[in-house]
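I opened my notebook beside the viewer today and went through this chain one query at a time. Here is what I looked up, in the order I looked it up.

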Amino acid sequence: MAYIDLLTGRGLWRPVLNAARAMSASGGPTPPFTTLSVSKPATHVTHVELRRPENDNSMNMPFWSEMIDCFNQIAQDPECRVVVFSGRVLWKIKARVREAQEQKAQRQAAMLGVSAVQPLEGLIQQPLQHFNRKNAKIFSQRFFVNEAHWKRPHGPVFLYIGGEGLLSKFSVLAGHHVSMAGQHGALLVALEHRFYGQSIISLGTQDLQHLSSQEALADLAAFRQHITQKYNLTCRNVWISFGGSYAGALSAWFRGKFPHLVYGAVASSAPVQAKLDFSAYNLVVGRSLGDESVGGSERCVMAVRESFATLEAALLGGNETQVGKDFCCCETPKSPEDQAELLKNVADIFMGTVQYNEEVGLLTITRLCDIMTEAQAEGEEAYHRLVKLAENYRSMEKESCMEVSWAKTLQYLNKTTDESFGYRQWFYQTCTEFGFYQTCEDSSCLFSRMMTLQSQTQLCPLLFNIPQHTLPANIDFTNQYYGGDQPQTHRVLYVNGDIDPWMALSVVRNGTGEDKYRAVLIQGSAHCADMNSLRTSDRTSLKQAREEIEGRVSAWLKSAALEYRD
């Protein structure tokens, strides 16, 4: 069984050697624990239950200390064969979107006759620390290359930047940038982000200190040099970078920090402004749920607000047992932490639906609002419609119950084994660079006031020993280093959908002078939708946006051809 490094913060660390020895003798966690009750209800199953007074719901330091010891012992138990872990609903929706996009890309590649094309997959040896040459440690970073469209020897290079997850070979086989590569005879290259996917050294806190956007940009610069040497490129091979979401920000920042290496950049749904309290995320979610052009309505907004008010009142009123049954929770949400987890998971259904609206096989705003409003005429309370929506989500995900254990979420985030979707790594970056904590303490938020900033930032010291009071300075540095939402960049195109919550941290207005036409805002479009290949069902506004992107890339390449001609 894999070792679980639970709560690796140095201030909370407990050596596990004695625990391992105790395990070898006892075959399970060694009592006594004062805050935990440990039992074995069935063969190969260990049950850990919180043992606290009814009026003491805080997860205090003794509790976390014992949790570390207990789960480290369980991790070494050869008789315990099942580990149950949870992730928040928004994480699962994101994973489902990636799966759907991968399948869609595979089908599109087959239709275009490129499914037989096998891109080159390789590894580049990168310094672990670009800015400290005294550290000679290196790691292997994965990349893909597709030469199928390249017009040698002077065709441009389109760089696809990997973000907070596994990089797929379809990063150089499908997508709008691949279509443009065919038009311009471009060499397609893609680089996986350090500490994600298969480019991981380890996920221990000691190594994660080398995970940052600055190091990632230096990786891109070294990768560009590697490709230049491998293919004997010259200044006439013009580089254009592409990226979406966090990788979209990297695309913009790469152009901003290394303008001599990349001629132009497309930054799709790029949150270039770091923000500790990202309350604006849920403000955009609420506005989008009320947008009739994408299937929302004011009735829907009112129903969502009413349903969450009822749900929160039931939890605070001591009716958590009935709520647990209504929402088919895996365990009764008794503690404030578990209740907040339930509220966050239910809110995530709305947040994920808006962020990824009209993606393949997922809930849409139209369907979600139909569920929340369809039974109003029969007098069904909004709360029961919220229960029905949760049932729909569980059915879609094929889940027998909704996981609401905050302790299990924390345990999952402490997994230091390789994870394709990189949630631990990404949470580390939110603590050290970005914030991005989606809160609901603003009175205009539709969801629960229990979704607080504190409930999220407290994970930074628990997971990584990063003090909460350092977060504002970390985020201020990021904005000072890159320019926030007022970046001084040239030849960077910022593309956003106007229902995407992340647009609130991007550049959505045109600039002046050379940057006059730097922003494309797509009506009725969601997160990174412009990056997908053309579909017949695409909105007119999305088709027009892609044409605008194509026009801008073409103009850059023409300008570069004049600038670098012999």
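**Entry 1: a strand and its neighbours**

Which residue in S11 is the bridge partner of Ala 267? I found Tyr 494 there. I note at the outset that this is a predicted model.

Next I looked at the strands themselves. S8 covers residues 264–268 and runs parallel to S11, joined to it by 4 bridges. S11 also pairs with S12, again in the parallel sense and over 4 bridges. Tyr 494 turned up here too, standing opposite Ala 519 in S12.

Is S11 enclosed or open? I counted 6 of its 6 residues as buried, so S11 is largely enclosed by the rest of the structure. In a regular strand, side chains alternate between the two faces of the sheet. I therefore sorted S11 by side: Val 492, Tyr 494 and Asn 496 are on one, Leu 493, Val 495 and Gly 497 on the other, and all of them are buried, so both faces are covered.

**Entry 2: a buried acid**

I followed the chain onward to Asp 500, in the loop between S11 (492–497) and S12 (519–522). Which side chain of opposite charge is nearest to Asp 500? My lookup gave Arg 287, at 9.1 Å. Asp 500 is buried and yet has no salt bridge.

I then asked what does sit around Asp 500. Its side chain makes a polar contact of 3.3 Å with the side chain of Ser 269. Leaving out residues up to four places away in sequence, Asp 500 touches Ser 269, Val 284, Gln 355, Ser 525, Ala 526 and His 527.

Val 284 led me to helix H8, where it is one of the buried residues. H8 spans residues 280–289 and is mostly covered, with 7 of its 10 residues buried. Besides Val 284, I wrote down Tyr 281, Asn 282, Val 285, Gly 286, Ser 288 and Leu 289 as buried.

**Entry 3: the nonpolar cores**

Leu 289 came up again when I turned to the cores. The largest nonpolar core has 116 residues, and Leu 289, Phe 327, Phe 350 and Phe 447 are those with the most contacts inside it. I picked Phe 350 for a closer look. Not counting residues up to four places away in sequence, Phe 350 touches Val 285, Leu 289, Val 304, Phe 308, Leu 368, Met 372, Leu 386, Leu 389 and Phe 447. Another core lies apart from it, with 27 residues, among them Leu 167, Val 178, Ala 190 and Trp 556. As background, nonpolar side chains in soluble globular proteins tend to be buried together.

**Entry 4: salt bridges**

How many salt bridges does the structure hold? I got 14, and I took three pairs in turn.

Asp 207 pairs with Lys 137, the closest N and O atoms being 3.8 Å apart. This pair links distant parts of the chain, 70 residues apart: Asp 207 is in helix H5 (residues 205–208), and Lys 137 is in the loop between S3 (120–127) and S4 (138–146). Asp 207 counts as buried at 15% relative accessibility, whereas Lys 137 counts as partly exposed at 40%.

Asp 219 and Arg 194 meet at 2.7 Å, N to O. Asp 219 lies in helix H6 (residues 213–230) and Arg 194 in the loop between S6 (187–191) and H5, so this salt bridge ties together parts 25 residues apart in sequence. I checked burial here as well: Asp 219 is buried with a relative accessible area of 1%, and Arg 194 is buried with 0%.

Arg 539 forms a salt bridge with Glu 358, with 2.9 Å between the closest N and O atoms. Arg 539 is in the loop between S12 and H19 (540–563), and Glu 358 is in the loop between H11 (336–355) and H12 (365–373), so parts 181 residues apart in sequence are tied together. Arg 539 is partly exposed, with a relative accessible area of 25%, and Glu 358 counts as partly exposed at 34%.

I also noted a network: Glu 121, Arg 142 and Glu 192 are joined by salt bridges that share partners.

**Entry 5: the whole chain**

Last, I stepped back. The chain has 19 helices and 12 strands, and 57% of its 566 residues are buried. Among contacts between residues at least 6 apart in sequence, 73% join residues at least 24 apart.

Terms used. Residues numbered from 1 in each chain as written. Predicted model: local features only at pLDDT ≥ 70, side-chain atom pairs only at ≥ 80, totals over all residues. Heavy atoms only, no water. Core = buried A, V, L, I, M, F, W, Y, C linked by side-chain atoms within 4.5 Å. Buried < 20%, exposed > 50% of the residue type's maximum accessible area, 1.4 Å probe, protein only. Contact = heavy atoms within 4.5 Å. Helix = DSSP H or I, 4+ residues; strand = E, 2+ residues; numbered from the N terminus. Lys, Arg positive; Asp, Glu negative; His and termini not counted. Salt bridge = Lys/Arg side-chain N within 4 Å of Asp/Glu carboxyl O. Polar contact = N/O pair within 3.5 Å; in protein donor to acceptor, adjacent residues only side chain to side chain. Pairing = 2+ DSSP bridges.
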